[in-house]
Amino acid sequence: YTTLFRSGVKMLVDTKAKVGVFSIALGAYLPQFPQLVPEFQSQYEAFKKTLPDTVELIDGGMVTTKEQSMEAGDKFRAADVDLVILQLLTYATSYNMLPAIRDLDVPVVLVNVQKKKAPDYANTDIPTWLGELYACGAVGEMVADLERAGKRHAVITGVVEGGDPAVQAELEDWCRAAQVRRRFRDTNLAQIGRPYPGMMDLYIDETNLYHRMWLYTKQFDWEKMWAIADNIDDEAVIKAKAQDILDTFDIEDGSIEKVWDMARYVVAFEQWVKDEKLGFVASHYDGFSQGVAGKLDSMLIPAFSMLIKQGTACAVEGDIKVAMAMSILKTISGTGQLSEMYSIDFDKDICIIGHSGSGDADISEKKPTMKIVPVFHGKTGGGYLTQFYPPVGPVTYLAITQDKNGKFKFVAAEGINEEGPIFTFGDTNMRTRFSCGAREFCNRWSEAGPTHHMAAAVGHHIDTILKVAKIFNIDVDIVTR
């Protein structure tokens, strides 16, 4: 069994970030040095090719006048861009930039890349300096005016000659972060039932969520979900999905017949996700678990795990905020696992972190396991538990919380998963070492007020999380890295 960690997750519901891109130069230079026109056009065309094809580019063109900048702004607004990337070709006044971004509420990434690594001082004339050797003195001007306009911004400086992996990595990182905004805007969240009674840290105002994070909530009753698979009768499709489940999980007495009903529901859930354009699901069942309700309740954990593998974040206990965190990590890193603090091994100074419920097969370094238990602890009914096995190495945790005014905040930490014993009763758990130590991590994480759930991802991703936060214009508490 092999696991592929990837940032280009194939989603049941696909979205593609829209990135506005344009370049600016001072119009006064062009009639003075006509050779700069093809030079700048060539640099801009080459620059656009460095942006990943995972995003849709909204091309504002090469701008040298206020009027051209206004036209670029019209394009960006019409497309509802998730991010703007501006290439500074040479010196330019800020009026070339401001009309293009004045009415947008997204960050502007100022890309200050010089064509040549170093001057040939004795043989450099003015047009060569302006066209190929100007590490743009206008960056400070742009940022000053972005600040005065209340706009978010970032600067990337580098060089074209010989390639610049740092610049390329930053551009791709920003495009990944932009994809989160598009996913929140273009897909919906399904709330089935309500949050676990009394877990008031999970409660949320869905209207506030839409206004602040652009995520729309669709409400579903369990009665509708019980009947969701009633019309699924294509045996070939069910058999193929049953095999997919068996290929994903190790299960005692693993046979097509064993998971036939589960496969029917997964097929139905996948169609439901596509029909409702769902990127997120938060559910909790607090009924009697009898009849068809009991059958569905018993198999929800692996069924929702099959959706998570395909990019739809499914959270237990009705936790909308952790579903959002799972989706963010899945989008930027390829993995997104529901977690919470489980225990502390004080002898080893290790935090045990995990959760009971649906999980992400892409985070598991070996084939996940599925087992039947008579009782879901703290919940009604019993049935299938799933356990995933995250690898040793870097790990990132992300939680989303709110302050007293309803404003959202990210809480993030990076650690290292280490080898050693884990619990074996059917829940995913990890042994994570933090640079500040287990005791201090627990204090700092808790003091940030993150709610009791968080999402986990393979790798260290705080730098990308900070970009996502800038796009959403929300604060980040970094607990440790």
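This briefing covers two sheets, two buried residues and the salt bridges of the structure above. The model is a predicted one, and what is said here about strands, contacts and charges applies to that prediction. Five strands form one open sheet with parallel pairing, three strands form another open sheet with mixed pairing, and the count of salt bridges comes to 31.

**The five-stranded sheet**

- The strands of this open sheet follow the order β2-β1-β3-β4-β5, and their pairing is parallel; β2 (56–63) and β5 (153–159) are the edge strands, each of which pairs on one side only.
- When direction is ignored, neighbouring strands of this sheet are turned against each other by 20° on average.
- Strand β1 (residues 18–24) runs parallel to β2 and is joined to β2 by seven bridges, and serine 23 has methionine 62 in β2 as its bridge partner.
- Helix α6 (residues 139–148) lies across β1, β3 (83–88), β4 (108–114) and β5, and runs at about 175° to β4.

**The three-stranded sheet**

- Here the order of the open sheet is β8-β13-β14, with mixed pairing; β8 (250–251) and β14 (383–387) each have a single partner strand, so one side of each is left without a neighbour in the sheet.
- Helix α12 (residues 291–309) packs on this sheet, where the helix touches β13 and β14, and its direction makes about 35° with that of β14.
- β8 and strand β13 (residues 369–373) run parallel and are joined by two bridges, with methionine 370 in β13 serving as the bridge partner of isoleucine 251.

**Two buried residues**

- Aspartate 319, which sits in the loop between β10 (313–315) and α13 (320–333), is buried yet has no salt bridge, and the nearest side chain of opposite charge, that of lysine 321, is 4.9 Å away.
- The side chain of aspartate 319 does make a polar contact, at 2.7 Å, with the side chain of histidine 453; not counting residues up to four places away in sequence, aspartate 319 touches Leu202, Ala282, Thr451 and His453.
- Alanine 263, found in helix α11 (residues 260–276), has a relative accessible area of 0% and is therefore buried.
- Leaving aside neighbours within four places in sequence, alanine 263 is in contact with Ile238, Lys241, Ala242 and Ile245, while its C-alpha lies 9.7 Å from that of methionine 299, a residue 36 places apart from alanine 263 in sequence.

**Salt bridges**

- Lysine 330 and aspartate 362 meet through their side chains in a salt bridge of 3.0 Å, N to O; because lysine 330 lies in helix α13 and aspartate 362 in the loop between β12 (350–355) and β13, the pair ties together parts that are 32 residues apart in sequence.
- Lysine 330 and aspartate 362 are both buried.
- Glutamate 418 and arginine 433 form a salt bridge of 2.6 Å, N to O, linking the loop between β16 (408–417) and β17 (428–433) to strand β17 across 15 residues; glutamate 418 is partly exposed, with a relative accessible area of 30%, and arginine 433 is partly exposed at 30%.
- Arginine 444 and glutamate 440 form a salt bridge whose closest N and O atoms are 3.2 Å apart, and because they are four residues apart in helix α14 (residues 438–447), about one helical turn separates them.
- Arginine 444 counts as partly exposed at 36% relative accessibility, as does glutamate 440, with a relative accessible area of 32%.
- A network of salt bridges links Asp80, Asp82, Arg181, Arg182, Arg185 and Asp186.

Notes. Residues are numbered from 1 along each chain as its sequence is written. This is a predicted model: local features need pLDDT of at least 70, side-chain atom pairs count only at pLDDT 80 or more; totals for chains, interfaces and linings use all residues. Side-chain values use heavy atoms; hydrogens and water are left out. Two strands pair if DSSP finds at least two bridges between them. Contact means heavy atoms within 4.5 Å. Axes are lines fitted to C-alpha atoms, for helices over the stretch in contact, and angles run from 0 to 180 degrees between N-to-C directions. Buried means under 20% relative accessible area, exposed over 50%, partly exposed in between (1.4 Å probe, protein chains only). Lys and Arg count as positive and Asp and Glu as negative; His and the chain ends are not counted. A salt bridge is a side-chain nitrogen of Lys or Arg within 4 Å of a carboxyl oxygen of Asp or Glu. A polar contact is a pair of N or O atoms within 3.5 Å; within protein, one must be able to donate a hydrogen and the other to accept it, and residues adjacent in sequence count only if both atoms are side-chain atoms.
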